[in-house]
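This report describes how a predicted model is put together, taking its helices, its buried residues and its aromatic rings in turn.

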Amino acid sequence: MDSDKALEGKAADYKRFTMTLLILSGYLYIGVLISMFEYHSTAYYYLFGLIAVLLIAAFIFVRKLQHIQKDLSES
């Protein structure tokens with residue numbers, strides 16, 4: 001019973017982390033657009049790398065969340 005509650009807590013945390021990473025990626029993408037079209041600088045190359053890292057981390061959290069939900073449904 002306690003392990004189910006702990007898994008539910010982890011699942012909620014992973015959902016929050018995923019949403020936070022996706023929102024941050026969206027803000028950084030807006031920064032890329034502003035950097036490209038308004039300032040005409042090349043700083044957006046660094047932002048592309050950071051966006052990729054954030055999206056990979058969000059994908060990892062989604063996969064972990066799927067495993068947790070599978071474990072919860074089995075018990």
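The sections below treat the helices, the residues between them, the aromatic pairs and the loop.

## The two helices

The model is predicted, and its description can begin with helix H1, which covers residues 2-39, and helix H2, which covers residues 44-74. For H1, a rise of 1.5 Å a residue over 38 residues gives an expected span of 56 Å, and the end C-alpha atoms lie 54 Å apart, which agrees. For H2, the same reasoning applied to 31 residues gives an expected 45 Å, and the end C-alpha atoms are 45 Å apart, which again agrees.

The axes of H1 and H2 come within 8 Å and cross at roughly 160 degrees. Because an angle over 145 degrees counts as roughly antiparallel, H1 is therefore roughly antiparallel to H2. The crossing of H1 and H2 is left-handed.

## Buried residues between H1 and H2

In H1 the buried residues are Ala11, Tyr14, Thr18, Leu21, Ser25, Leu28, Val32 and Ser35, and these residues pack against H2. In H2 the buried residues are Tyr44, Ile51, Leu54, Ala58, Leu65 and Ile68, and what covers them includes H1. As general background to such lists, an α-helix has 3.6 residues a turn, so residues three or four places apart point the same way.

Three residues of H1 show in detail which parts of H2 they meet. Thr18 lies in H1 and is buried, because its relative accessible area of 7% falls under the 20% cut-off. Apart from residues up to four places away in sequence, Thr18 touches Ala58, Phe61 and Val62. Ser25, also a residue of H1, counts as buried at 5% relative accessibility, and with neighbours within four places in sequence left aside, Ser25 is in contact with Ile51, Leu54 and Leu55. Val32 is likewise found in H1 and is buried, with a relative accessible area of 0%. When residues up to four places away in sequence are not counted, Val32 touches Tyr44, Leu47, Phe48 and Ile51. The C-alpha atoms of Val32 and Tyr45, which are 13 residues apart along the chain, are separated by 8.2 Å.

## Aromatic pairs

The structure holds 4 aromatic pairs. In one of them, the rings of Phe17 and Phe61 have their centres 5.5 Å apart and their planes at 45 degrees, so the pair is tilted. This pair links distant parts of the chain, since Phe17 belongs to H1 and Phe61 to H2, with their positions 44 residues apart. Phe17 counts as partly exposed, at 42% relative accessibility. Tyr14, Phe17 and Phe61 form one aromatic cluster, and of these residues Tyr14 is among the buried residues of H1.

Another pair is formed by Tyr44 and Phe48, whose ring centres are 5.8 Å apart and whose planes stand at 85 degrees, so the pair is edge-to-face. Tyr44 and Phe48 both lie in H2, 4 residues apart, which is about one turn of the helix. Tyr44 is buried, with a relative accessible area of 14%, whereas Phe48 counts as partly exposed at 37% relative accessibility. Both residues of this pair are also among those that Val32 touches, and Val32 lies in H1.

## The loop between the helices

Which residue just after H1 takes a positive phi? His40 does, with a phi of about 55 degrees, and His40 is a residue other than glycine. In general, most residues other than glycine have a negative phi. His40 lies in the loop between H1 and H2 and is exposed, because its relative accessible area of 63% is over the 50% cut-off.

Key
Residues numbered from 1 in each chain as written. Predicted model: local features only at pLDDT ≥ 70, side-chain atom pairs only at ≥ 80, totals over all residues. Heavy atoms only, no water. Phe/Tyr/Trp six-rings, centres within 6.5 Å; stacked < 30°, edge-to-face > 60°. Helix = DSSP H or I, 4+ residues; strand = E, 2+ residues; numbered from the N terminus. Buried < 20%, exposed > 50% of the residue type's maximum accessible area, 1.4 Å probe, protein only. Expected span 1.5 Å × (residues − 1). Contact = heavy atoms within 4.5 Å. Axes fitted to C-alpha atoms, helices over the stretch in contact; angles between N-to-C directions. Parallel < 35°, antiparallel > 145°, perpendicular 65-115°, else oblique. Left-handed = near helix turned anticlockwise from the far one by under 90°.
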